Amino acid sequence: MRIAIVSDVHANLEALEAVLHHAEAAGALDGLWCLGDMVGYGPQPNEVLERLQEAGVRAVVGNHDLAAIGLLSTDDFNPAAAAAAHWTARQLQEGQRHYLASLPQVRREGDFTLVHGTLRWPVWEYLYSYGAAQAHLRLQETPFGLVGHTHVPMLVVEDASFPHGCELFYLRDGAVVELKPGRRLVINPGSVGQPRDGDPRASYAIYDSDAGTVVLHRVEYNIAVTQRLMEAAGLPRWLSERLAVGR
Ligand code: ZN
């Protein structure tokens, strides 16, 4: 079974298409999991939601998804993110609004638990620190966890021999995470639509149940296409500029 794991697509259809094409070029996909923030920031919220649904996505909700349907205040968003959230809210079709409202914050798929932020604070907390990782792992009932939200690909390995009981590792393009019985992990596949680790290429992962691996991939896409659409939509310039630098 091959499952593509995407997160933080952020209404960037050009990046999503590149990722799905890359994933399918290597073999048929048996599923698609999404860790939230399908919309917000980017220029094609409805198109991205349609494409994900067409591919049979199983998703959890992110903070930007909730903001776009008015279920989360944008008071804690930076001004550009808030402006984009309000723009997204005006664009969203009724059906897509209902779809986002129907999504769970936590979802279990076999040996994996899917959540946008952490299991402690599902749509808010960034899994960046030892404290957040420990809190998340304490609540994780499956061997493997999948999170997004930080826009940075990362692996957390739980092991009592580490000083903090776990260790955090950055995942590079092509990194292979081996899923071994008894070793609890959390994986962040990075962001499809707005990477923030200095590499502007779209980031995602593939879970291969036969191989017992999750492999991280970076995929080039036509950033200028997304930037032009953002400009035409009148979205804040800083949001389109950051796509080119991956920050
Ligand atoms: Zn995000």
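Reader: Is Ser240 buried or exposed in this structure?
Author: The model is predicted. Ser240 is found in helix H8, residues 237-245. Its relative accessibility is 9%. Buried means under 20%, so Ser240 counts as buried.

Reader: Which residues are in contact with Ser240, leaving aside its neighbours within four places in sequence?
Author: Take Arg228 as a reference point. Ser240 and Arg228 are 12 residues apart in sequence, with 8.4 Å from C-alpha to C-alpha. Contact means heavy atoms within 4.5 Å. With the sequence neighbours within four places set aside, Ser240 is in contact with Gln227 and Met230.

Reader: Which residues coordinate the zinc ion?
Author: The donors follow the spacing D-x1-H-x26-D-x113-H along the chain. The coordinating atoms are OD of the Asp residues and NE2 of the His residues, at 2.1 to 2.4 Å. The residues are Asp8, His10, Asp37 and His151.

Reader: What is the geometry at the site of the zinc ion?
Author: The angles among the four donor atoms run from 85 to 175 degrees. Four donors count as tetrahedral if all angles lie between 85 and 135 degrees. The upper end of the zinc range is 175 degrees, and the site is irregular.

Reader: What is the relative accessible area of His10?
Author: His10 gives its NE2 atom to the zinc ion. Another zinc donor, Asp8, is buried at 0% relative accessibility. His10 is buried too, because its relative accessible area is 1%.

Reader: Which helix gives the largest share of the largest nonpolar core?
Author: This core has 49 residues. Val6, Met38, Leu100, Val192 and Tyr204 touch the most other members. The largest share, seven residues, comes from helix H1 (residues 13-25).

Reader: Across which strands does H1 lie?
Author: One open sheet of six strands has the order E3-E2-E1-E11-E12-E9, with mixed pairing. Its edge strands are E3 (58-59) and E9 (176-178). H1 runs at about 30 degrees to E11. The strands it lies across are E1, E2, E11 and E12.

Reader: How many bridges pair strand E11 with strand E12?
Author: Strands of a sheet pair through backbone hydrogen bonds, either parallel or antiparallel. Ser203 stands opposite Arg218 in E12. E11 (residues 202-208) and E12 (residues 213-219) pair in the antiparallel sense, and the bridges number seven.

Reader: Against which elements do the buried residues of H2 pack?
Author: Helix H2 covers residues 45-54. Its buried residues are Pro45, Asn46, Val48, Leu49, Arg51 and Leu52. Just after H2, Gly56 takes a positive phi of about 75 degrees. The buried residues of H2 pack against E1, H1, E2, H4 and H5.

Reader: Which strands stand at the edges of the sheet E4-E5-E6-E10-E7-E8?
Author: This open sheet has six strands with mixed pairing. An edge strand has a single partner strand, so one side is left without a neighbour in the sheet. The edge strands here are E4 (106-109) and E8 (166-170).

Reader: What angle does the direction of helix H6 make with that of E8?
Author: H6 (residues 130-139) packs on this sheet. It touches E5, E7, E8 and E10. Among these, E7 and E10 run antiparallel, joined by four bridges. The direction of H6 makes an angle with that of E8 of about 115 degrees.

Definitions and conventions. Residues are numbered from 1 along each chain as its sequence is written. This is a predicted model: local features need pLDDT of at least 70, side-chain atom pairs count only at pLDDT 80 or more; totals for chains, interfaces and linings use all residues. Side-chain values use heavy atoms; hydrogens and water are left out. Donors are N, O and S atoms within 2.8 Å of the metal (3.2 Å for Na, K and Ca); water is not among the atoms, so sites may look incomplete. Four donors count as tetrahedral if all angles lie between 85 and 135 degrees; four count as square planar and six as octahedral if opposite donors are over 155 degrees apart and all others between 65 and 115; anything else is irregular. Buried means under 20% relative accessible area, exposed over 50%, partly exposed in between (1.4 Å probe, protein chains only). A nonpolar core is a set of buried Ala, Val, Leu, Ile, Met, Phe, Trp, Tyr and Cys residues joined through side-chain atoms within 4.5 Å. Helices (H or I, at least four residues) and strands (E, at least two) are DSSP runs, numbered from the N terminus. Two strands pair if DSSP finds at least two bridges between them. Axes are lines fitted to C-alpha atoms, for helices over the stretch in contact, and angles run from 0 to 180 degrees between N-to-C directions.
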